[in-house]
Amino acid sequence: MVVSIILLIFNLIFFFVPQAITIDERSLGESLAKNLDFIISRFPTFIVVILIACVLLAFIPLIEFAFDFVYFTGKYISIIFTLVFLIPFIEILKTKAYINKFDLLKF
């Protein structure tokens, strides 16, 4: 349990780093600072992204169970669904949340 909490905290520190690197065109150190600044300044947005990602990831075992119940291919279908649809969707969601910090891009 302690290891899981430590890994969660460690992963949250790097949550928006890819977006900070690509959008802000900063180095890794500056991107870490931008990531933490974004999380602190836009905490409700951060929580919404985390909740949406958790809800979507919670459906993966259901998909796996549904296909295992009928065709015994659940682990393959769930990994394909996760890698092809879910992970890109979460990254796009994170990018949209990160890019909304710029006032020029708000409609």
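## Phe-43 and its ring partner

Is Phe-43 buried, partly exposed or exposed? In this predicted model, its relative accessibility is 43%, so Phe-43 counts as partly exposed. Phe-46 comes out on the other side of the 20% cut-off for burial: with 6% relative accessibility, Phe-46 counts as buried.

These two residues belong to helix α4 (residues 43-70), where they sit three residues apart, about one turn of the helix. Their ring centres are 5.9 Å apart and the ring planes meet at 45 degrees, so the pair is tilted.

## The aromatic cluster

Let's widen the view a little. The model has 10 aromatic pairs. In the pair formed by Phe-15 and Phe-16, the ring centres lie 5.0 Å apart with the planes at 90 degrees, so this pair is edge-to-face. Both Phe-15 and Phe-16 are buried.

Phe-43 and Phe-46 share one aromatic cluster with Phe-15, Phe-16, Phe-38 and Tyr-98.

## How α2 meets α3

Now for a helix pair. Two packed helices are described by the angle between their axes and the distance between the axes. For helix α2 (residues 17-24) and helix α3 (residues 28-41), the axes come within 8 Å and cross at roughly 115 degrees. That crossing angle makes α2 roughly perpendicular to α3, and the crossing is right-handed.

On the α2 side, the contact is made by Val-17, Ala-20, Ile-21 and Asp-24, while α3 contributes Leu-28, Ser-31, Leu-32, Lys-34 and Asn-35. Sorted by class, five residues of this contact are nonpolar, two are polar and two are charged.

Key:
Residues are numbered from 1 along each chain as its sequence is written. This is a predicted model: local features need pLDDT of at least 70, side-chain atom pairs count only at pLDDT 80 or more; totals for chains, interfaces and linings use all residues. Side-chain values use heavy atoms; hydrogens and water are left out. Axes are lines fitted to C-alpha atoms, for helices over the stretch in contact, and angles run from 0 to 180 degrees between N-to-C directions. Helices (H or I, at least four residues) and strands (E, at least two) are DSSP runs, numbered from the N terminus. Angles under 35 degrees count as roughly parallel, over 145 as roughly antiparallel, 65 to 115 as roughly perpendicular and the rest as oblique. A crossing is left-handed if the near helix is turned anticlockwise from the far one by less than a right angle, and right-handed if clockwise. Contact means heavy atoms within 4.5 Å. Ala, Val, Leu, Ile, Met, Phe, Trp, Tyr, Cys and Pro count as nonpolar, Asp, Glu, Lys and Arg as charged, and the others, Gly among them, as polar. Rings of Phe, Tyr and Trp (its six-membered ring) pair if their centres lie within 6.5 Å; planes under 30 degrees apart count as stacked, over 60 as edge-to-face and the rest as tilted. Buried means under 20% relative accessible area, exposed over 50%, partly exposed in between (1.4 Å probe, protein chains only).
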